[in-house]
Amino acid sequence: MMMNVYAVKRLKTDFNSDRELDKNSPHDRMLRNHFDVLSALGIDFWSTRKKITDLANDTLISANFNHVYSNLDVLDNLSFEQLEGSWVYFTDDDDWVTDTFISDISQYIIDDVECIVWPHIRYHAIDNALIGSILTEGYDPTPKLQSNHCLIKITSDLFFNWEPELPLSEKCQHWNLSNYVYKDEKTERINVRNIDDILSLWNNTILSFSWHMHPDSFSINVLDSLKAVYSSYINEMPKNFDKLNPYLISLIKKQQDIFKQDCPDGLPVMACR
């Protein structure tokens, strides 16, 4: 079956840049704290993040999407005529997809299906574990549907009728997308196909966590604990890694090597340079 399947990176044009932080912005102050904690490990946030996102982009290229859109702003400039009937995968720019994504998903794309959902799997840096809906008992992501474990069909209902005041880029955000697909926790609003294939991995690296979210292990005040977390993350395979296919396992090892090259042992910054 002929089809167009696009990947769209779920970020704004100016996100991935080393901009000057605003001291008066609470959000930017949290970012500054985050960067300072990473510096104590010898990690430059933007330099390392570029390598991580390059690795993630390689997975999108290997998956053979018809096109990979680099940000949400590009998507909002496309017309319905350009997108009608296409399928779109929204992803963060550091997440991974399998190299057989398109060939695997194509068998599930049939006329009456409007959304394909697969298990939500997270590579969790702080715990150095893979957790998810088929790996962890009682796992319940909030919201129910998140953009990086589903493929959505662009229909007139999505583009025009549902929440018409929202641009398409906003409709893809986790909460909105979940509300579009599901009326409630048990009722689907559109025709959904649920599959068991693991096609993507939410990649929560050591860069992804702010100090205020995990102060017991990710804070300048508990640097020894943070070093232990970091050492585990870069030197040991995560729990449940054997549930993944060889390609995703190879990505874990490549990412570990990136962090090892940037700072081998999680030592204070002066010792790493």
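This is a short dialogue on reading a few features of a predicted model.

Biologist: Where should I start, and how many helices and strands does the protein have?

Modeller: Start with the overall picture, bearing in mind that the model is predicted. The protein has 11 helices and 10 strands. Its C-alpha trace spans about 60 × 45 × 35 Å along the principal axes.

Biologist: What does the radius of gyration tell me about the protein?

Modeller: It can be set beside the value for a compact globule. For 273 residues that value would be near 19 Å, and the protein has 19 Å, so the two agree. In addition, 51% of the 273 residues count as buried.

Biologist: And how do I read the contacts between residues that are apart in sequence?

Modeller: Take the contacts between residues at least 6 apart in sequence; 78% of these join residues at least 24 apart.

Biologist: What can I say about surface and charge?

Modeller: The protein exposes about 13200 Å², with carbon and sulfur atoms supplying 48% of that area. As for charge, there are 25 positive and 41 negative charges, and their mean positions are 3 Å apart.

Biologist: Now the backbone. Is the peptide bond from Thr-142 to Pro-143 cis or trans?

Modeller: The general idea is that most peptide bonds are trans. Here, the bond from Thr-142 to Pro-143 is cis, with omega near 0°. You will find Pro-143 in the loop between strand S7 (129–132) and strand S8 (150–153).

Biologist: Which residues other than glycine have a positive phi?

Modeller: Most residues other than glycine have a negative phi. Glu-163 is one with a positive value, near 45°, and Asn-240 has a positive phi of about 75°. Glu-163 sits in the loop between helix H6 (156–161) and helix H7 (168–171). Asn-240 lies in the loop between helix H9 (223–235) and helix H10 (246–262).

Biologist: How do I decide whether Glu-163 and Asn-240 are buried or exposed?

Modeller: Look at the relative accessible area: under 20% is buried, over 50% is exposed, and in between is partly exposed. Glu-163 has 33%, so Glu-163 is partly exposed. Asn-240, at 25%, is also partly exposed.

Biologist: What about His-174: buried or exposed?

Modeller: His-174 has a relative accessible area of 15%, so His-174 is buried. It lies in helix H8 (residues 174–181).

Biologist: Which residues does His-174 touch?

Modeller: Leaving aside residues up to four places away in sequence, His-174 touches Arg-10, Pro-143, Leu-145, Gln-146 and Ser-147. For Ser-147, the backbone nitrogen lies 3.1 Å from a polar atom of the His-174 side chain. Pro-143 is the residue we met at the cis peptide bond.

Key. Residues numbered from 1 in each chain as written. Predicted model: local features only at pLDDT ≥ 70, side-chain atom pairs only at ≥ 80, totals over all residues. Heavy atoms only, no water. Helix = DSSP H or I, 4+ residues; strand = E, 2+ residues; numbered from the N terminus. Rg over C-alpha atoms; globule rule 2.2 N^0.38 Å. Buried < 20%, exposed > 50% of the residue type's maximum accessible area, 1.4 Å probe, protein only. Contact = heavy atoms within 4.5 Å. Areas by Shrake-Rupley, 256 points an atom, 1.4 Å probe, with all protein chains shown as cover. Lys, Arg positive; Asp, Glu negative; His and termini not counted. Charge placed at Lys NZ, Arg CZ, Asp CG, Glu CD. Polar contact = N/O pair within 3.5 Å; in protein donor to acceptor, adjacent residues only side chain to side chain.
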